[in-house]
Amino acid sequence: MKKSNLITLLSLILIIVAVVLFMSCGRSKVDIGTTATENSAKSSTVLLYDESTEKSETTAKTKETAKAPVSDDMLFIGDSRTVGLMEYAEIENADFFCNVGMSVYNIQDKTVSVPNVGKVTLAQLLGGKKYGKIYIMLGINEVGYELQSIVDKYSELIDFVKENQPDALIFIQGNLHVTQSRSHSDKVVNNTAIDRLNAELSKLADGKTTFYIDANKLFDDANGNLSADKSEDGTHLYAKYYNKWGKWIISQSASSSEEG
């Protein structure tokens, strides 16, 4: 073979090899680029999912922490103070059987409009739904009666509630004090009479299924009277204090339940 032909053949072979190598490198670069893009997309997708999930869980936990106590098995029975709890304490899903003139002497005869239930007597309400916790606060309208008579009627009420709701825990709430001005000027509704009644009502609690709780420490002044700056009429709390009272009631009843 002539030398010139040999050189031409070798040149052709080198060109072919160069073309093949160039094409191989091109494919590798394209493949690497595609893989990197896919990996980047996958990484972004996973990252976004984790962030949204975490944010969602954090938001849910924040809402759960901030949310007021909720229970659909609570029943509050009482007079005008309990009406205040119903209107301002923001205790969600609880039922309230209460009105301004409620007392242990007329409670069995009263028909009350219970939100989300309708107009019912206490017997109808207790017979139509199962409650886990029942809170009773009565006495401010009764203090003019003979003490033992009040206690006896109160005891009858508790027995009636137990008969109709045998699995419920019952919380007797001590009656809130009145202000010093009201107490000193009223021969019937005064803190001496209220304390005497509360002391007797506390004896009706057995510490197992029936408990006594007293919120006076939340609102009393240094002399054991309802603080004048917490009440306009000397007897009822300002609206803003009912929320504090409601939260305290639930915390106290929770601890009592655990101890019981």
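The exercises below work through a predicted model of one chain, each with a solution in steps.

**Exercise 1. Confidence and overall make-up**

State how confident the predictor is in the chain, and find a stretch where pLDDT stays under 50.

Solution.
- Step 1. The chain has a mean pLDDT of 82, with 72% of its residues at 70 or more.
- Step 2. Over residues 25-69, pLDDT stays under 50. The model has 4 contacts beyond four places in sequence for this stretch.
- Step 3. Secondary structure comprises 8 helices and 7 strands.
- Step 4. Of the 260 residues in the chain, 38% are buried.
- Step 5. Among contacts in the chain with a separation of 6 or more, 64% are between residues 24 or more positions apart.
- Step 6. The exposed area of the chain is about 15,000 Å², and carbon and sulfur atoms supply 55% of that area.

**Exercise 2. Strand E1 and its partners**

Determine whether E1 is enclosed, and list strands that pair with E1.

Solution.
- Step 1. Strand E1 covers residues 74-78, and 5 of its 5 residues are buried, so E1 is largely enclosed by the rest of the structure.
- Step 2. Split the strand by face. Met74, Phe76 and Gly78 point to one side, Leu75 and Ile77 to the other, and all are buried. Both faces of E1 are therefore covered, given that buried means under 20% relative accessible area.
- Step 3. E1 pairs with E5 in the parallel sense over 5 bridges. Within this pairing, isoleucine 77 of E1 stands opposite isoleucine 136 in E5.
- Step 4. E1 is also joined to strand E2 (residues 95-98) by 4 bridges, and these two run parallel. Here the bridge partner of leucine 75 is aspartate 95 in E2.
- Step 5. Follow the chain between E1 and E2. With helix H2 (residues 80-88), they make a right-handed β-α-β unit.

**Exercise 3. Strand E6 and its partners**

Repeat the analysis for E6: how many of its residues are buried, and which strands are joined to E6?

Solution.
- Step 1. E6 is mostly covered, with 5 of its 5 residues buried.
- Step 2. On one side are Leu169, Phe171 and Gln173; on the other are Ile170 and Ile172. All are buried, and both faces of E6 are covered.
- Step 3. E5 and E6 run parallel and are joined by 4 bridges. Isoleucine 134 stands opposite isoleucine 170 in E6.
- Step 4. Between E5 and E6 the chain passes through helix H4 (residues 147-164), and this β-α-β crossover is right-handed.
- Step 5. E6 also runs parallel to strand E7 (residues 210-213), again with 4 bridges. Isoleucine 172 has tyrosine 212 in E7 as its bridge partner.

**Exercise 4. Aromatic pairs**

Count the aromatic pairs and classify the geometry of two of them.

Solution.
- Step 1. The structure holds 8 aromatic pairs.
- Step 2. Take tyrosine 135 with phenylalanine 171. The centres are 5.1 Å apart and the planes are at 15 degrees, and the pair is stacked.
- Step 3. Locate this pair. Tyrosine 135 is in strand E5 (residues 133-137) and phenylalanine 171 in strand E6 (residues 169-173), so the pair ties together parts that are 36 residues apart in sequence. Both residues are buried.
- Step 4. Take tyrosine 242 with tryptophan 245. Their ring centres lie 5.9 Å apart with the planes at 35 degrees, so this pair is tilted.
- Step 5. Locate the second pair. Both residues lie in helix H8 (residues 239-259), 3 residues apart, which is about one turn of the helix. Tyrosine 242 and tryptophan 245 are buried.
- Step 6. Look for a cluster. Phe76, Phe96, Tyr135, Phe171 and Phe211 form one aromatic cluster.

**Exercise 5. The surroundings of methionine 137**

Is methionine 137 buried or exposed, and which residues is it in contact with beyond four places in sequence?

Solution.
- Step 1. Methionine 137 is found in strand E5.
- Step 2. Its relative accessible area is 0%, so methionine 137 is buried.
- Step 3. Leave aside neighbours within four places in sequence. The contacts of methionine 137 are then Ile77, Gly78, Asp79, Arg81, Thr82, Tyr154, Gln173, Gly174, Asn175, Leu176 and Trp245.
- Step 4. Check one separation. Methionine 137 and aspartate 79 are 58 residues apart along the chain, while their C-alpha atoms are separated by 7.0 Å.
- Step 5. Compare with Exercise 4. One of the contacts, Trp245, also belongs to the tilted pair with tyrosine 242.

How values were computed. Residues numbered from 1 in each chain as written. Predicted model: local features only at pLDDT ≥ 70, side-chain atom pairs only at ≥ 80, totals over all residues. Heavy atoms only, no water. Phe/Tyr/Trp six-rings, centres within 6.5 Å; stacked < 30°, edge-to-face > 60°. Buried < 20%, exposed > 50% of the residue type's maximum accessible area, 1.4 Å probe, protein only. pLDDT = per-residue confidence, 0-100. Contact = heavy atoms within 4.5 Å. Areas by Shrake-Rupley, 256 points an atom, 1.4 Å probe, with all protein chains shown as cover. Pairing = 2+ DSSP bridges. Right-handed = clockwise from strand over helix to strand, strands pointing away.
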